[in-house]
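Trainee: Got a minute to walk through this one with me? I'd like to start with the strands.
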Amino acid sequence: MKKNVVVQRKAGLEARPLVNIVQKASEYNSRIYVEQEGKCVNAKSIIGMMSLVLMNGESVVLCAEGEDEQEAIEALEVFFIS
């Protein structure tokens with residue numbers, strides 16, 4: 001499952017929100033990735049997520065594969081848009 005999302009946080013995704021994303025992603029059994037401009041990182045990896053440098057207004061693709069993929073995408077989307 002894939003979903004396009006636009007980052008809607010004035011300060012972008014800094015360390016604290018990224019930690020929250022990684023913690024939430026780790027709650028799911030599905031493999032979860034975030035794609036940006038051809039780069040794909042594991043959403044359960046803080047180092048991988050920090051390497052994206054996600055700023056307000058940037059588009060990403062949330063990808064999940066597994067038994068709880070829909071729930072994972074829906075839960076993670078919240079962190080990108082609020």
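Trainee: In what sense do β1 and β4 pair, and over how many bridges?
Mentor: Antiparallel, over five bridges. Keep in mind that this is a predicted model.

Trainee: Which residue in β4 is the bridge partner of Val 5?
Mentor: Val 60.

Trainee: And β2 with β4, how many bridges there?
Mentor: Five bridges join β2, residues 31-36, to β4, residues 59-65. The sense is antiparallel. Glu 35 has Val 61 of β4 as its bridge partner. Val 34 sits opposite Leu 62 in β4.

Trainee: What order do the strands of the sheet take?
Mentor: β1-β4-β2-β3. The sheet is open, has four strands, and its pairing is antiparallel.

Trainee: Which strands stand at the edges?
Mentor: β1 (2-6) and β3 (39-42). Each has a single partner strand, so one side of each lacks a neighbour in the sheet.

Trainee: By how many degrees are neighbouring strands turned against each other?
Mentor: On average 25 degrees, with direction ignored.

Trainee: Back to β4. How many of its residues are buried?
Mentor: Five of seven, so call that strand mostly covered.

Trainee: Helices next. Which strands does α3 lie across?
Mentor: β1, β2 and β4. Helix α3 covers residues 69-81 and runs at about 155 degrees to β4.

Trainee: How many Å does α3 reach from its first C-alpha to its last?
Mentor: 19 Å, for 13 residues. That is close to the 18 Å expected at 1.5 Å a residue.

Trainee: Which α3 residues are buried?
Mentor: Ala 72, Ile 73, Ala 75, Leu 76, Glu 77 and Phe 80. Note that Glu 77 is on that list.

Trainee: What do those buried residues pack against?
Mentor: Strands and helices both. The strands are β1, β2 and β4. The helices are α1 (15-25) and α2 (46-50).

Trainee: Switching topic to cysteines. How many disulfides does a search of the whole structure find?
Mentor: Zero. Cys 40 is in no disulfide, and its nearest cysteine sulfur, that of Cys 63, is 5.8 Å away. Cys 63 is in no disulfide either. A disulfide needs the two sulfur atoms within 2.5 Å, so this pair does not count.

Trainee: Cys 63, buried or exposed?
Mentor: Buried, because its relative accessibility is 7% and the cut-off is under 20%.

Trainee: And why does Cys 40 count as partly exposed?
Mentor: Because its relative accessibility is 44%. Partly exposed is what lies between the buried cut-off, under 20%, and the exposed one, over 50%.

Note on methods: Residues numbered from 1 in each chain as written. Predicted model: local features only at pLDDT ≥ 70, side-chain atom pairs only at ≥ 80, totals over all residues. Heavy atoms only, no water. Pairing = 2+ DSSP bridges. Helix = DSSP H or I, 4+ residues; strand = E, 2+ residues; numbered from the N terminus. Axes fitted to C-alpha atoms, helices over the stretch in contact; angles between N-to-C directions. Contact = heavy atoms within 4.5 Å. Buried < 20%, exposed > 50% of the residue type's maximum accessible area, 1.4 Å probe, protein only. Expected span 1.5 Å × (residues − 1).
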